[in-house]
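Trainee: I would like to work through the side-chain contacts here. Can we go pair by pair?

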Amino acid sequence: MIIRAVLTARSKTAFLANQTKVQAHYLERASEKGTRRRAREIGGSAARPSPEQPEMVSAFFVFCGCVDQASVAVVEKWGRFLRLAEPGLHFFNPFAGECVAGSLSTRVQSLDVRVETKTKDNVFVQLICTIQYRVVKENADDAFYELQNPQQQIQAYVFDVVRAIVPRMNLDDLFEQKNDVAKAVLEELEKVMADYGYSIEHILMVDIIPDAAVRKAMNDINAAQRLQLASVYKGEAEKILLVKKAEAEAEAKYLSGVGIAKQRQAITDGLRENILNFSHSVSGTSAKEVMDLIMVTQYFDTIKELGDGSKNTTVFIPHGPGHVKDISNQIRDGMMQASSSNV
């Protein structure tokens, strides 16, 4: 309401007297109730915010005031709630007892709460919760008049819910089901704080901090399990290596035996051809004489190879014409015994 008037000296005096009475009336009611409602100066001065409420009203004078964006002002008439003032310019009639008792922010606010409790397996942990809440614009009067300290109220309910749920869970389950704990806290706070004009937007379980000794023990257990698993893998690798090595040796020996057998077969075939060729080439010679000659030749070749070896090894063997005959007889007797056994 806009009032335009030319005040005389007498009317000015009456206006100031009325203003003083209104101011004294507000101060008296504020001190009696002990609430957060503020006594405003009604003399052209700006409104003073209380310590609990931030400054959200940019300027209020005798007849008009401006409410900032994302805030709502509470208007009283003779100390009684009248209406809510949304952002924008508003006009008041101080002669009718209208004034702004305070203002509230409708922005989302954040509150960090640290709760210490015990799990089912007797491990003390600290839970850090972040509660995001805001004032419901339509119920701002309840938020202004009902609660003296909303942060303390929220913190008390968080303590109550967390300390009722966490002792029923083991430490490992707590890490896995921390979202369930946050959901339970959210449901409880939504039911309670809605009556006071507050809306709980989100609850985040930011961190779970066990005792330092417990964390060290958990890390040691994890490290031991990983070392045990590594030992199993290492043993399996060594087993596979040994098996493959044995298979390789067996295969090598098999191939070596096949090679020796083929070598001996080739030697036998060569000796047989030599004997036949020598018998056909030299008339009057028997197979026995040819065999003796071949054995003597191989005997001297063996002695030559021993002498030409790279290692300085001394081998004492009997040598002489008689010994050569004995060697040939021994070989012939062995072959004859082998032939007879096959028959």
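**Contacts and exposure**

Mentor: Start with a charged pair. The side chains of E247 and K244 meet in a salt bridge, at 4.0 Å from N to O. Keep in mind that this is a predicted model.

Trainee: In which helix do E247 and K244 lie?

Mentor: Look at the spacing first. E247 and K244 are three residues apart, about one turn of the helix. Both lie in helix 6.

Trainee: Is K244 buried or exposed?

Mentor: Take the partner first. E247 has 45% relative accessibility and counts as partly exposed. The cut-off for exposed is over 50%. K244 reaches 51%, so K244 counts as exposed.

Trainee: How many salt bridges does a search of the whole structure find?

Mentor: In general, side chains of opposite charge can pair when their charged atoms come close. The cut-off is 4 Å between nitrogen and carboxyl oxygen. E247 with K244 is one such bridge. The search of the whole structure finds three.

Trainee: What is the N to O distance between K216 and D220?

Mentor: This pair is also placed in helix 6. K216 and D220 are four residues apart, about one turn of the helix. Their side chains meet in a salt bridge, and the N to O distance is 3.3 Å.

Trainee: Which counts as partly exposed, K216 or D220?

Mentor: K216 has a relative accessible area of 54%, which makes it exposed. D220 has 41%. The partly exposed residue is D220.

Trainee: With which residue does K191 form a salt bridge?

Mentor: Go to helix 5, residues 178–193. K191 is exposed there, with a relative accessible area of 59%. The partner is three residues apart from K191 and partly exposed at 25%. The closest N and O atoms are 3.8 Å apart, and the partner is E188.

Trainee: Now the rings. How many aromatic pairs does the count come to?

Mentor: The criterion is a ring-centre distance within 6.5 Å. By this rule the count comes to three.

Trainee: What is the angle between the planes of F81 and Y145?

Mentor: The ring centres are 6.0 Å apart. Edge-to-face needs planes over 60 degrees apart. The pair is edge-to-face, with an angle of 80°.

Trainee: How many residues apart in sequence are the parts that F81 and Y145 tie together?

Mentor: F81 lies in strand 4, residues 80–85. Y145 lies in helix 2, residues 140–145. So the pair ties together parts whose separation in sequence is 64 residues.

Trainee: Which residue pairs edge-to-face with Y145 at 5.0 Å?

Mentor: Y145 is partly exposed, with a relative accessible area of 28%. In this second pair the planes are at 85°, so the geometry is edge-to-face. The ring belongs to F144.

Trainee: Is F144 buried or exposed?

Mentor: Compare the cluster members. Ring pairs link F81, F144 and Y145. F81 is partly exposed at 33%. Buried means under 20%; at 3%, F144 is buried.

Trainee: Which residue in strand 4 is the bridge partner of V75?

Mentor: Strand 3, residues 71–77, runs antiparallel to strand 4. Five bridges join the two strands. For V75, the partner in strand 4 is R83.

Trainee: Which residue takes a positive phi in the hairpin of strand 3 and strand 4?

Mentor: The hairpin has two residues between the strands. The phi in question is near 55°. The residue is W78.

Trainee: Over the face of which residue does R163 lie?

Mentor: Place R163 first: helix 3, residues 150–165. R163 is partly exposed, at 43% relative accessibility. It sits 4.9 Å from the ring centre of F159.

Trainee: How far apart in space are R163 and T119?

Mentor: In sequence, R163 and T119 are 44 residues apart. From C-alpha to C-alpha, the distance is 9.2 Å.

Trainee: About how much accessible area do L229, V232 and Y233 have together?

Mentor: V232 is in helix 6, residues 212–281. V232 is partly exposed at 46%. With L229 and Y233, V232 forms a nonpolar patch on the surface. Together the three have about 310 Å².

Definitions and conventions. Residues are numbered from 1 along each chain as its sequence is written. This is a predicted model: local features need pLDDT of at least 70, side-chain atom pairs count only at pLDDT 80 or more; totals for chains, interfaces and linings use all residues. Side-chain values use heavy atoms; hydrogens and water are left out. Rings of Phe, Tyr and Trp (its six-membered ring) pair if their centres lie within 6.5 Å; planes under 30 degrees apart count as stacked, over 60 as edge-to-face and the rest as tilted. Buried means under 20% relative accessible area, exposed over 50%, partly exposed in between (1.4 Å probe, protein chains only). A charge sits over a ring if NZ of Lys or CZ of Arg is within 6 Å of the ring centre and within 35 degrees of the ring normal. Patches are made of residues with over 30% relative accessible area and no salt bridge: like charges are joined within 9 Å, nonpolar side chains (Val, Leu, Ile, Met, Phe, Trp, Tyr) within 5 Å. Accessible areas come from the Shrake-Rupley method with a 1.4 Å probe; for residues, only the protein chains shown count as cover. Two strands pair if DSSP finds at least two bridges between them.
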